[in-house]
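Here's a quick briefing for anyone opening this one up for the first time. Have a look at the structure, then walk through the points underneath.

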Amino acid sequence: MGSHGIKDRVAIVGMGCTRFGERFDCGLDDLIIEAATQTYEHAGIDRDDVDAYWFGTAQSGMSGITLARPLGLQDKPVTRVENFCATGSEALRQAAYAVASGAYDVAMAVGAEKVKDSGYAGLNAFPVPSDGTGRTLTAAAMFSMVAPAYGERYGVDEAAMREVLARIAWKNHYNGARNPLAQFRKELTTERIAGSPPVAGLLGVLDCAGVADGAAAAIVVRAEDARRYTDRPVFVKALSFVAGNGSGLGDPDYDYTHFPEVAVSARDAYAQAGITDPRAELAMAEVHDCFTPTELVLMEDLGFSARGKAWEDVLAGVFDLDGALPVNPDGGLKSFGHPVGASGLRMFYECWLQLRGEAPPERRIVGERSLALTHNLGGYPGEMVSFVGIVGNQPG
Amino acid sequence: MTAAPGRPRAGLGPADWRNLDSAAVRGIVSAAGYIPFRRLARADIRATFGAGGGAGTRSVASYDQDTTTLGVEAARLVRRGGSDGGGVPAVDALWFATANPAYLDKTNAAAIHAALRLDTATPAFDFGGALRSGIGALRAALDGRGATLVVSSDMRTGLPTSPDESAGGDGAAAILVGDDSDGPLLAEYLGAASATEEFIDRWRTPGALRSKAWEERFGETKYGPLGERAWREALAAAGIEAGDVESVVATGLHARATRALARMLGVDATRVVDDLATTVGNTGTAHAGLLLASALELATPGQVIALVGLADGVDVLIFRATDAVVRRVPARSVQSQIDEGAPVAYGTFLSWRQMVELEPPRRPEPARVSAAAAGRSEDWKFGFVGSLDEHGTPQLPPVPGARRVPMADAPATIVTFTVDRLAYSPSPPIVFAVVDFDGGGRFPVELTDVDAEKVAIGDRVEMTFRRLSTADGIHNYFWKARPIPGASEGE
């Protein structure tokens, strides 16, 4: 028994990502075609050259046919994947494992979501027939409970906490303003963020990720084949996934200041990749900033900050674009919104651009580091799934 | 039609039953009223519309309550408030009466039965539709056998500015009727009489939001003679004189006829108890039970109490309080509940009663409950029964196969909380807390009967049975937490 990972056995050789936003002009099929077409072009292949497909969508469609139809796939295995908000990451994870297993030479992960078609604010879970006793809270409310709990535990008063949270949103908006694919491309002052209309607890509208449509995709091949498709492949170093069992909700010891599932998946990913000091070794990280307190706590669960110190690191600019470890250089969920099936792949897309030196100069990360991390979670404090992926532009 | 001539329909006294069941003395084992938390100041009605209203307040059931959940709360109180704290008395049957049922066709008493976790073999029956069914069920239980839990409940309102709107109230009562062998009686049943006649006084067609009433004077001419007759026959059945009655509890939605009848009984006006009109309002089907419960809380041993109900006739039930009334400490007295109410804005009241429709959050409404899933989790959903882990710590919801533990009566403390301004709720915002129960167990749960700005970590809460939502006509019942009345905040 053991989690061994597939370090350097699989490489990403093509990626694509649509503009995220209110894509009322596009249906799910349009978004899929846009992302997939870019991806084929980067890899220099077409749809028939891909041996198997994994399609991530939380609730925009069901079955592999939702992907096979718009792409006109002929006799291809297509698997629809759903794993809460980590759906896009899960699609890539399955495609990578399929190639690593030797079952297929070329696999493709596509994630897409049409959130704006629902007509509702925020994301909505697919209704499963139930006894009616489940929580009906929004994700914003569940994550809002993190802020006072963290403040209480580490002695951060409400005013200081408000500043920290605004600083996180400010940074992500600053980065997103430099990304033509982002939904929101505007810098915002911390004052405006802190004063935005209340949604839940301490959180205002501008503490929350946007609601957007979008799609992203990746093609993976065996590492030794990678240079046949591109001269700058991105190698998979680690793929880790943990599905919590929900016990945190009923655990009197759980205090809403950390996400155990994230810490475990991070530990596993670092072991797979051979990373011992993530803050020093990673060039950048894309993390699941669904709400500002989430990103705060993730800095500690991912080992970027010591426990109780992330708020100070945030204020010190450690995670800014020019900081010691840039976090969400593409603008994050804050700027991109969160089309559930696409978000995990969108995170990899930023790694792809940065590690290949293709990010536009205004947000390009400079330095010698060759590793990038993505973190994608779904669910709530006490009851979540967590994905951590690590990729690098150098084999070995 | 008139009654068949030549055979006076005298009331039945306990002596008649003693002949059948020699030693038993029948009466009231336990009684409790439940008054929901919110109060509407009647002056707010006039301030809004320039009409209607009046002095004082009326009780208001929350948006997440209906007559069934009000009934559950009353029944929980009556079971907690056993005669001398000597455990929960057995219940042989559950009867539920309301003029405002949450369901037709489906038995509303079944949900109460489930919330109380009564035995499967205990029957649960509805007495539906008529206002008179409340006092009628009580009389039937007193004249019957076995320990019968009689729950009556009502929510009264009318069109904005109407007398029904301001004079009405929401509330429930639970009276456990039984023999002295079922537990020490709070009051012995001395006898009863009823007078019935068909006449049009007050009516409502099924589905209508409001009742209608004929002009007052006509009904008054009917209730007077009917009341005098029932009173006379009830006194005879009890073997007492009017002067022996120390406490008259008179109630009817025909307020004028009720006042007039009370004056005709030959009982000093000081012995007619407060009908809670200025504080609670008239809770219709529930009011006889509510006032009786209140009277028993104030009674002295040996006191004779006459309950007089006017609704399509007149019913008179006569009791004598026992020594147990002074030993008994009510779980939560009617008076304490009156004192603990908090205001509700008139606009909120109107939206809660569907008189106006407010813009909902732009979130999907809840899906309907699955009958099969709800059926599988009856213990949890209706009874709030958790399970115990290997260390004996409660787990909520319960884990399949683990030993069960009832949690509905366990108090808890707020660990953390939030206010959700986006989530769908029939009355936003949702106030939501993580609570730790005394004796162990944690549960994230919605709060109710709470003002968002007053919640604090450390507040003490108790569980309360509520209707979360309704979809496809199916009511989704489950539990919420509410601040424990009287528990100081932030301790």
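What follows covers the domains, a sheet, a pair of helices and the contact between chains.

Keep in mind that this is a predicted model. Chain A is divided into two domains, and so is chain B. The two chains also touch each other, with 33 residues from chain B and 29 residues from chain A taking part.

**How chain A is divided**

- Domain 1 of chain A is made of two stretches, 12-116 and 213-229, while domain 2 takes 139-209 and 236-392.
- Measure between the C-alpha centres of these two domains of chain A and you get 24 Å.
- Where they meet, domain 1 of chain A puts in 33 residues and domain 2 of chain A puts in 29.
- On the domain 1 side of chain A, the elements giving two or more residues are β1 (10-17), α3 (87-100), β4 (106-113) and β7 (214-222).
- Which of them gives the most to that side? That's α3(A), with eight residues.
- By type, the domain 1 side of chain A splits into 18 nonpolar, 10 polar and five charged residues.

**How chain B is divided**

- In chain B, domain 1 covers 14-350 and domain 2 covers 377-483.
- The centres of these two domains of chain B, taken over C-alpha atoms, are separated by 30 Å.
- Their contact draws 14 residues from domain 1 of chain B and 16 residues from domain 2 of chain B.
- Two helices of chain B, α3 (67-80) and α4 (109-115), each bring at least two residues to the domain 1 side of that contact.
- That domain 1 side of chain B holds seven nonpolar, three polar and four charged residues.

**The nine-stranded sheet in chain B**

- Chain B has an open, mixed sheet of nine strands, and their order is β5-β4-β6-β7-β1-β8-β13-β12-β11.
- Why do β5 (124-128) and β11 (247-252) of chain B each have one side without a neighbour in the sheet? They stand at the edges and each has a single partner strand, so nothing in the sheet flanks the other side.
- From one strand to the next, the twist averages 25 degrees.
- Strand β4 (residues 93-98) of chain B runs parallel to β5(B), and five bridges join the two.
- Looking at one bridge between them, B:A97 has B:F127 in β5(B) as its partner.

**Helices α7 and α8 of chain B**

- Helix α7 (residues 216-238) of chain B packs on the sheet and touches β8 (187-196), β12 (304-310) and β13 (313-321) of chain B.
- The direction of α7(B) makes about 145 degrees with that of β8(B).
- α7(B) also meets helix α8 (residues 255-264) of chain B: their axes come within 9 Å and cross at roughly 35 degrees.
- Left-handed or right-handed? The crossing of α7(B) and α8(B) is right-handed.
- Among the residues that meet are B:G219, B:Y223 and B:G227 in α7(B), along with B:A257, B:A260 and B:L261 in α8(B).
- Five nonpolar, three polar and four charged residues make up this contact of α7(B) with α8(B).

**Where the two chains meet**

- On the chain B side, α13 (371-376), α14 (378-381), β18 (412-420), β19 (430-437), β20 (442-447) and β22 (474-483) each supply at least two of the residues touching chain A.
- The side of chain B that touches chain A comes out as 20 nonpolar, six polar and seven charged residues.

Note on methods
Residues numbered from 1 in each chain as written. Chains lettered and ligands numbered in written order. Predicted model: local features only at pLDDT ≥ 70, side-chain atom pairs only at ≥ 80, totals over all residues. Domains from an automatic or database assignment. Contact = placed C-beta atoms within 7 Å. Helix = DSSP H or I, 4+ residues; strand = E, 2+ residues; numbered from the N terminus. Nonpolar A, V, L, I, M, F, W, Y, C, P; charged D, E, K, R; others polar. Pairing = 2+ DSSP bridges. Axes fitted to C-alpha atoms, helices over the stretch in contact; angles between N-to-C directions. Left-handed = near helix turned anticlockwise from the far one by under 90°.
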